[in-house]
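Please open the structure in your viewer and keep the sequence panel beside it. The tour below proceeds by selection, each stop saying what to pick and what is found there.

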Amino acid sequence: MVKTKEIKPDIRGLQLDELKALLVEAGEKPFRATQIFRWVHESAVQDWHEMKNIGEQTRHILNNIVKIEPLKIRQERISKDGTRKYLWELNDANLIETVLLSHSGDITRNRNTLCLSTQVGCAMACNFCATGTMGFSRNLGAGEILSQALDILRIRQKEDPGFKIHNLVYMGMGEPLLNLSAVLKSIRIFNSNEGQKIGIRRITVSTCGLVPQIDILAEEKLDIVLAISLHAPNNEMRDMIMPVNKQYPLEKLIPACQRYIEKTNRRITFEYALIKGMNDKEEHAQQLASLLQGLHANLNLIPINSHPNSKYKRPELVSVKYFSGLLKKKGLNVVIREEKGSDIEAACGQLAGKER
Ligand code: SAH
């Protein structure tokens, strides 16, 4: 049966077993599914005609039962430091952004990290975040999450045939845990042997701290990295900058993190954006250290990035280093995250999906 374009599933969002089932139903041999899946996820093809070992008849069947649709690129901006930001137009004209961070220098290091969006906009309304000021439009499908990586692979491989993606961070626009099924599906496909084979430990999912979803994710027992956007060392301050804290305050969030660690046996990374004159004082370092005590957590300190609607400023580097030193003395594993792509508004929390 020929399906109309609207109801045809996006082939990029299908796991191998799902693609197999559809093809078998259409009268194809199961092994074709593996060949086709490889074309889609390993070779990042954008058209049936690029599938060299697939005959005309099978291509015809494919065309009837699924769709393949690259994202429309609206803009590629390249930062002085090599960071690239991609603005995409989706099928329904919504805009999303993806950031590619490249660490040059040591070629033995795994160096390309992709920062993926999971929603159009975001409902979480963190008041320091550009996406948070946009409101929420809709979830992305698994295929749209995968397309961000597959289309960037194609673009980059034209210039650099050996280009690979080594790390994925679900830290673009949106709250990944509010689109958990599409996020998990995309992770499985990115990680699969017939796809990009991105190591599961090289995949980070970041959340503002939704307790029930953290518990659900723990049940998956995936070896991904879970990152929690903490940004404040006490409820009073967290309430002011992250509305989610009113629903899931620290006395609920921290025990959820403990449960996650027990279930998965994995460390958690906490993100703390330093805001000048607000959460960067000595007393805050002390509060933070006691909050995270015993969790064996990693802590990323990020001097906050400003965006046009933000009143927050970043502290000087010396105070960032002093803050970090206080926490290190308390035994915490602290990393100061370097700023990347701020000149093209690709730095943390600057993604707004607007055409500028
Ligand atoms: N919704 C998820 C993931 C998206 S944002 C989450 O909240 O974790 C990815 C990271 O960027 C989060 O840690 C977020 O808090 C942080 N962030 C947002 N705005 C920022 C800003 N202006 N400066 C620095 N980090 C920011």
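**First stop: Trp 88**

In this predicted model, begin by selecting residues 84-89, which form strand 2, and find Trp 88 within that strand. Is Trp 88 buried or exposed? With a relative accessible area of 1%, Trp 88 counts as buried, because the cut-off for that term is under 20%.

Keep Trp 88 selected and display what touches it, leaving aside residues up to four places away in sequence: the contacts include Leu 71, Lys 72, Ile 73 and Arg 74, then Asn 94, Leu 95, Ile 96 and Thr 98, and also Gln 148, Asp 151, Ile 152 and Ile 155. Thr 98 deserves a separate look, since its side chain and that of Trp 88 are joined by a polar contact of 2.8 Å. Next, add Leu 351 to the selection and draw a line between the two C-alpha atoms: Trp 88 and Leu 351 are 12 Å apart in space, although 263 residues separate them in sequence.

**Second stop: helix 3**

Now select residues 56-65, which make up helix 3, and colour Thr 58, Arg 59, Ile 61, Leu 62, Asn 64 and Ile 65, the residues that are buried there. Which elements do these buried residues pack against? If you show helix 1 (16-25) and helix 2 (30-41) as well, you will have both partners of the buried residues of helix 3 on screen. When you look along the axis, bear in mind that an α-helix has 3.6 residues a turn, so residues three or four places apart point the same way.

**Third stop: Thr 204**

Move on to strand 8, residues 203-207, and pick out Thr 204. Thr 204 is also buried, its relative accessible area being 13%. Beyond residues up to four places away in sequence, Thr 204 touches Leu 168, Val 169, Tyr 170 and Met 171, together with Val 225 and Ala 227.

**Last stop: the whole chain**

Finally, clear the selection and view the protein chain in full, with its 11 helices and 12 strands. The C-alpha atoms fill a box of roughly 70 × 40 × 40 Å along the principal axes, and the radius of gyration of 21 Å agrees with the value near 21 Å that a compact globule of 356 residues would have. Of these 356 residues, 55% count as buried. Among contacts between residues at least 6 apart in sequence, 66% join residues at least 24 apart. If you switch to a surface view, the chain exposes about 15,900 Å², of which carbon and sulfur atoms supply 51%.

How values were computed:
Residues numbered from 1 in each chain as written. Predicted model: local features only at pLDDT ≥ 70, side-chain atom pairs only at ≥ 80, totals over all residues. Heavy atoms only, no water. Helix = DSSP H or I, 4+ residues; strand = E, 2+ residues; numbered from the N terminus. Rg over C-alpha atoms; globule rule 2.2 N^0.38 Å. Buried < 20%, exposed > 50% of the residue type's maximum accessible area, 1.4 Å probe, protein only. Contact = heavy atoms within 4.5 Å. Areas by Shrake-Rupley, 256 points an atom, 1.4 Å probe, with all protein chains shown as cover. Polar contact = N/O pair within 3.5 Å; in protein donor to acceptor, adjacent residues only side chain to side chain.
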